[in-house]
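User: Hi! I have this model open and would like a quick tour. Could you walk me through it?

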Amino acid sequence: MRQDEIWNQDAAQRYDTPGTGMFAPDVLRPTVDFLAALAGDGPALEFAIGTGRVAVPLSERGVPVSGIELSRPMIEQLRAKADAATIPVTAGDMASATAPGTFALVYLVYNTISNLLTQREQVACFRNAARHLRPGGRFVIEVR
Ligand SMILES: C[S@@+](CC[C@H](N)C(=O)[O-])C[C@H]1O[C@@H](n2cnc3c(N)ncnc32)[C@H](O)[C@@H]1O
């Protein structure tokens with residue numbers, strides 16, 4: 001199956017589990033603390049931003065956050081929480097899409113690098129992160 005078939009409307013509507021699982025405060029708080037400390041004044045760019053599980057609380061901390069996301073239904077779920085002025089999202093593939101601007105931090109969490117199924121795509125994703133970073137910026141990947 002293609003990624004846009006997996007992350008369809010049904011998956012997007014079921015994704016958020018406020019307060020539990022990957023949305024539990026003891027999971028999210030350390031993640032957001034870690035990213036906020038690295039981002040400083042930002043801005044930050046989340047690859048595969050999804051429904052904004054991490055981006056929304058990071059933005060609420062005062063870090064400007066943008067995203068790249070392949071799935072339109074996931075972006076629609078994010079839009080129920082944050083508008084495009086607050087968290088701009090570029091629809092596209094994190095291995096190749098370009099978000100406007102340059103960033104202090106690019107991050108890709110929740111094992112999502114593994115959604116790119118070939119080494120060629122994963123290397124392209126690292127190159128794309130580098131293209132978006134300011135000098136001295138950081139690329140964070142979370143893999144279980
Ligand atoms: C496990 S979810 C993670 C979402 C969010 N980062 C989080 O931590 O909750 C995986 C996300 O990766 C997105 N995705 C998969 N392949 C992608 C690609 N090549 N480019 C951009 N987004 C992609 C999916 O649409 C889905 O929103």
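User: Which residues have the most contacts inside the largest nonpolar core?
Analyst: Leu 35, Val 54, Leu 58, Val 63, Ile 87, Leu 105 and Tyr 107, in a core of 20 residues. A nonpolar core here is a set of buried Ala, Val, Leu, Ile, Met, Phe, Trp, Tyr and Cys residues joined through side-chain atoms within 4.5 Å; buried means under 20% relative accessible area, exposed over 50%, partly exposed in between (1.4 Å probe, protein chains only). This is a predicted model, where local features need pLDDT of at least 70 and side-chain atom pairs count only at pLDDT 80 or more, while totals for chains, interfaces and linings use all residues. Residues are numbered from 1 along each chain as its sequence is written, and side-chain values use heavy atoms, leaving out hydrogens and water.

User: Which helix gives the most to this core?
Analyst: That's α3, with five residues. Helices (H or I, at least four residues) and strands (E, at least two) are DSSP runs, numbered from the N terminus.

User: And which residues of α3 are buried?
Analyst: Leu 28, Thr 31, Val 32, Leu 35, Ala 36 and Ala 39. Seen down the axis of α3, they fall within an arc of 125° (taken from the directions from the helix axis to the C-beta atoms), so they line one face of the helix. On the other side of α3, Asp 26 and Ala 37 are exposed.

User: Switching topic: where is Asn 111 found?
Analyst: Asn 111 sits in the loop between β4 and α6 (119-132). Asn 111 is buried, at a relative accessible area of 17%.
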